[in-house]
Amino acid sequence: MAEIIMAEIKPERRGGARKNAGRKPLAVTKSAYFSTRLDEATRDRLEREAASADPPRSLSAEIQMRLKDSLNEKHDEFAPHVRALGHLVMHLATGIELSTGRPWNEDQFAHQALKRALEVSLAWSNPGGDAATPNRLQQMPAGMTTPEGIGDAVAFGLRQQMMMDAPTGKPAKNVHTARGLHALPALGAKLFPKEGKQK
């Protein structure tokens with residue numbers, strides 16, 4: 001049965017770039033309240049996610065964060081076709097694990113099956129033609145002007161970032177912190193749970 005949840009949402013400022021332009025705020029407030037209906041299963045899941053965060057969040061903070069993420073998704077750093085590839089990989093990995101009953105990153109059979117599934121799936125979207133070196137790579141060292149070279153550089157560079165320790169503490173207000181500084185180490189911890197930071 002659905003129940004009404006009161007969530008605290010911080011409002012965005014309104015108004016144009018010109019001085020005194022746009023609607024003036026009625027009052028200076030830090031937050032506003034709205035009510036919505038959530039079924040019990042959804043509320044339980046949100047509460048578990050909020051409690052498992054580091055540091056733990058309130059239910060209201062969890063809802064606000066997820067609403068913002070949803071609204072900002074179309075403006076994030078990843079292009080639509082790149083996000084689509086991410087979803088494809090998730091479906092392939094899930095299908096392999098359901099078929100084998102084993103995690104792809106803990107079992108050699110499942111790992112090879114996923115690797116094969118990725119190779120087959122990427123072949124479907126092959127644009128064809130010659131692999132001509134892009135103009136922006138023409139002045140790079142010889143090892144960086146081939147598909148293998150640039151692929152290795154990107155993969156190993158990303159791996160290095162995933163093996164780093166994420167910044168501790170809460171970022172100061174009005175200070176931009178690169179998304180990858182927090183997201184990539186967390187991603188590495190999930191992908192390589194048995195590997196140490198020294199590797």
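**Figure 1. A nonpolar patch on the surface of the predicted model.** Patches here are made of residues with over 30% relative accessible area and no salt bridge, and nonpolar side chains are joined within 5 Å. With that in hand, welcome to a predicted model and to its patch of Leu85, Leu88, Val89 and Leu122, which covers about 290 Å². Helix H3 gives the largest share of this nonpolar patch, three residues.

**Figure 2. Close-up of Leu85 in helix H3.** Is Leu85 buried, partly exposed or exposed? Leu85 counts as partly exposed because its relative accessibility is 40%, and partly exposed is the class between under 20% and over 50%. Leu85 is also one of the residues that make the nonpolar surface patch.

**Figure 3. The largest nonpolar core, with six residues.** Look here for Leu92, Ala93, Ile96, Ala110, Leu114 and Ala117. Two helices, H3 (80-100) and H4 (108-124), each supply at least two residues of this core.

**Figure 4. The surroundings of Leu92.** Which residues does Leu92 touch once its neighbours within four places in sequence are left aside? Its contacts are Leu114, Ala117, Leu118 and Ser121. Of these partners, Leu114 and Ala117 belong to the largest nonpolar core, as does Leu92 itself.

**Figure 5. Confidence along the chain.** The average pLDDT of the protein is 78, and 70% of the residues score at least 70. Among the elements, H4 has the highest mean pLDDT, 95, while strand E1 (residues 3-9) has the lowest, 57. Please read residues 172-177 with this in mind: their pLDDT stays under 50, and the model has two contacts for them beyond four places in sequence.

Key
Residues are numbered from 1 along each chain as its sequence is written. This is a predicted model: local features need pLDDT of at least 70, side-chain atom pairs count only at pLDDT 80 or more; totals for chains, interfaces and linings use all residues. Side-chain values use heavy atoms; hydrogens and water are left out. A nonpolar core is a set of buried Ala, Val, Leu, Ile, Met, Phe, Trp, Tyr and Cys residues joined through side-chain atoms within 4.5 Å. Buried means under 20% relative accessible area, exposed over 50%, partly exposed in between (1.4 Å probe, protein chains only). Helices (H or I, at least four residues) and strands (E, at least two) are DSSP runs, numbered from the N terminus. Contact means heavy atoms within 4.5 Å. pLDDT is the predictor's confidence in each residue, from 0 to 100. Patches are made of residues with over 30% relative accessible area and no salt bridge: like charges are joined within 9 Å, nonpolar side chains (Val, Leu, Ile, Met, Phe, Trp, Tyr) within 5 Å. Accessible areas come from the Shrake-Rupley method with a 1.4 Å probe; for residues, only the protein chains shown count as cover. A salt bridge is a side-chain nitrogen of Lys or Arg within 4 Å of a carboxyl oxygen of Asp or Glu.
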